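Biologist: Hello! I am new to this structure and would love a guided tour. Could we look at it together?

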Amino acid sequence: YERLNQSAGFDVLHAAQKDFTNAVDLFRTYESLSLGDATIAAYMDREGIECLYSFDDDFDAVQGITRLETPDNPFR
């Protein structure tokens with residue numbers, strides 16, 4: 001974290017408090033989720049985002065998230 005925070009090549013953005021609070025709830029609810037994944041899921045929920053490209057199958061446990069893992073466009 002310190003290297004990223006001090007690097008000129010990265011901007012560290014912090015999750016909105018609402019997202020962080022919801023992420024903690026998701027983290028406690030879904031054993032497979034890391035806190036980072038739970039934060040992504042909380043943000044997706046707030047923004048109404050349903051689909052996520054990821055090879056991380058931990059997201060499969062979260063209701064409301066459709067995980068995509070192939071380069072095919074599912075919306076065609």
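Biologist: What share of the area that the protein exposes do carbon and sulfur atoms supply?

Modeller: A word on the source: this is a predicted model, where local features need pLDDT of at least 70 and side-chain atom pairs count only at pLDDT 80 or more, while totals for chains, interfaces and linings use all residues. Residues are numbered from 1 along each chain as its sequence is written, and side-chain values use heavy atoms, with hydrogens and water left out. The protein exposes about 6000 Å² (accessible area by the Shrake-Rupley method with a 1.4 Å probe; for residues, only the protein chains shown count as cover). Of that area, carbon and sulfur atoms supply 51%.

Biologist: Thanks! Which pattern do the helices and strands follow along the sequence?

Modeller: Helices (H or I, at least four residues) and strands (E, at least two) are DSSP runs, numbered from the N terminus. The protein has three helices and two strands. Read along the sequence, they give α-α-α-β-β.

Biologist: How far apart are the end C-alpha atoms of helix α2?

Modeller: Helix α2 takes in residues 17-29, which is 13 residues. The expected span is 1.5 Å times one less than the number of residues, so α2 should span 18 Å. The model agrees, with its end C-alpha atoms apart by 18 Å.

Biologist: Which residues of α2 are buried?

Modeller: Buried means under 20% relative accessible area, exposed over 50%, and partly exposed in between (1.4 Å probe, protein chains only). Turned away from the buried side of α2 is a face with the exposed residues Q17, K18 and R28. The buried residues of α2 are D19, A23 and L26.

Biologist: Why do those buried residues sit on the same side of α2?

Modeller: An α-helix has 3.6 residues a turn, so residues three or four places apart point the same way. The arc is taken from the directions from the helix axis to the C-beta atoms. D19, A23 and L26 are the buried residues here. They lie on the same side of α2 because they cover an arc of only 65°.

Biologist: Is D58 buried, partly exposed or exposed, and which residues does D58 contact beyond its neighbours within four places in sequence?

Modeller: D58 lies in the loop between β1 (51-53) and β2 (66-68). Its relative accessibility is 25%, so D58 counts as partly exposed. D37 is 21 residues away from D58 in sequence, and their C-alpha atoms are 8.1 Å apart. With contact meaning heavy atoms within 4.5 Å, and leaving aside neighbours within four places in sequence, D58 touches S32, L33 and D37.
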